[in-house]
Amino acid sequence: MDERKLIDDICKAFGDKAEGLTVGERAEMLFSEGKVEEALVVLGEATLNGDADAQFRLGECYDDGVGVEKNEARAFELYEKAAKQGHAKAQCYLGYCYEYGLGVAENIAEAIKWYEESAKGDYFQAFCNLGCCYEDGVGVKANMSKAIEMYKRGAELGSAMAQYNLGNVYAFGKGVKVNDKLAVQYYEEAARCGIVEAQYNLGQHLYYGKGVEQDNDAAAYWFRQAAEQGDADAQYKMGYFYMNGISVDEDEEEAFKWYMAAAQQGDADSQFAVGLCYECGCGVEIDYSSAREWYERAAEQGHKEAKKAFKKLKKY
């Protein structure tokens, strides 16, 4: 398939939108149209011609198994080629591969080196990753002040994870005084970008009125956002809200659904709640056998109330 013809076809289809785009970005247009095979051909040919952006994009395909069989070693090779040409995003991905041993032997020193190279190109996630390294003392001496500096720069450049990490910095007083107002600010920025942990933590601050005016409706909104992404803590909260009619219509069946979703992920409080629902017939038919099963699961995790409930129900 002729690469030039494909790119010309994209330009015709997207008009001015294709002007000034890299080969990788144009291939991305083909991906968005579901033309995976054509996109891979464009990337493959451009990669052979040494195009750094194409190398990076093709590396992502191998990393995620998009149109090709997932192959971390091949992804690493392509990231490395692009990184050595100064592709900032590829440099960050290469650092991540070295940090976690993806497609290459784990090498923290190399990870730091490539994160720093990526940061020179102002790639936002590189700052976040460096911040994590400084916070945890991974490959560098632990330095919370330096971590905060990195997180702030990453957040300024648009890293949602850096925003979330800054939320934690101020919520838990990591190297600074606790400042719930700032924590809420950063959690909200990250939450709006879809970071599930930030959505849950923002919901908690709104529910308890920490750093912001207490607001059950807003808390319910953010708990739901996180719950729908599969966060067990948020799913438990949604169960509690439905069971008690907090900012939603009281609905025992809906409460049971959310409790069960979290319980199946191993959340002890939710397992205990599911046991209670089965024992009392809240949102589900009474089933003492199932109640004992869920009480036992929670009890095995050290849940005190579940231990008492299981012991009591064993008598029947």
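F223 is a buried residue, with a relative accessible area of 0%; buried here means under 20% relative accessible area, exposed means over 50%, and partly exposed is anything in between (1.4 Å probe, protein chains only). The model is a predicted one, where local features need pLDDT of at least 70 and side-chain atom pairs count only at pLDDT 80 or more, while totals for chains, interfaces and linings use all residues. Residues are numbered from 1 along each chain as its sequence is written, and side-chain values use heavy atoms, with hydrogens and water left out.

Now for the rings. The structure holds 16 aromatic pairs. To pair up, rings of Phe, Tyr and Trp (its six-membered ring) need centres within 6.5 Å, and the pair is called stacked if the planes are under 30 degrees apart, edge-to-face if they are over 60, and tilted for the rest. One of these pairs joins Y200 and F223, and this pair is tilted, at 5.6 Å centre to centre with 40° between the planes. The two partners come from distant parts of the chain, 23 residues apart: Y200 belongs to helix α12 (residues 196–208) and F223 to helix α13 (residues 216–228). Helices in this account are DSSP runs of H or I with at least four residues, strands are runs of E with at least two, and both are numbered from the N terminus. Like its partner, Y200 is buried, with a relative accessible area of 15%.

F223 has another ring partner, F241, and this aromatic pair is edge-to-face, with 5.6 Å centre to centre and 85° between the planes. Since F223 lies in helix α13 and F241 in helix α14 (residues 232–244), the pair ties together parts that are 18 residues apart in sequence. Both F223 and F241 are buried. Zooming out a little, ring pairs link Y200, Y207, Y208, F223 and F241 into a cluster.

Rings can also have a charge for company. A charge sits over a ring if NZ of Lys or CZ of Arg is within 6 Å of the ring centre and within 35 degrees of the ring normal. The charged end of R297 sits over the ring of W294, 4.1 Å from its centre. In another case, R153 has its charged end over the ring of F127, 6.0 Å from the ring centre.

Next come the helix pairs. Two packed helices are described by the angle between their axes and the distance between the axes. Axes are lines fitted to C-alpha atoms, for helices over the stretch in contact, and angles run from 0 to 180 degrees between N-to-C directions. For helix α11 (residues 180–192) and α12, the axes come within 8 Å and cross at roughly 140°. That angle makes α11 oblique to α12; angles under 35 degrees count as roughly parallel, over 145 as roughly antiparallel, 65 to 115 as roughly perpendicular, and the rest as oblique. The crossing of α11 and α12 is left-handed, a label used if the near helix is turned anticlockwise from the far one by less than a right angle, with right-handed used if clockwise. Residues making the contact include Y187 and E188 of α11 and L202 and H205 of α12, where contact means heavy atoms within 4.5 Å.

Helices α7 and α8 also have axes that come within 8 Å and cross at roughly 140°. So α7 is oblique to α8, and α7 passes α8 in a left-handed crossing. Here the contact residues include I112 and Y115 of α7 and F127 and L130 of α8.

The loop between α7 (108–120) and α8 (124–136) is home to D122. This residue has a positive phi of about 60° although it is not a glycine. Most residues other than glycine have a negative phi. D122 counts as partly exposed, at 38% relative accessibility. S247, in the loop between α14 and α15 (252–263), has a phi near 60°, again a positive value in a residue other than glycine. S247 is partly exposed too, at 35% relative accessibility.

Finally, two small residues in helices. G275 is found in helix α16 (residues 268–280) and is buried, with a relative accessible area of 0%. Not counting residues up to four places away in sequence, G275 touches A291, W294 and Y295. The C-alpha atoms of G275 and E296 are separated by 8.8 Å, with their positions 21 residues apart along the chain. A162 sits in helix α10 (residues 160–172) and counts as buried at 0% relative accessibility. Leaving out residues up to four places away in sequence, A162 touches C128, Y151, G154 and A155.
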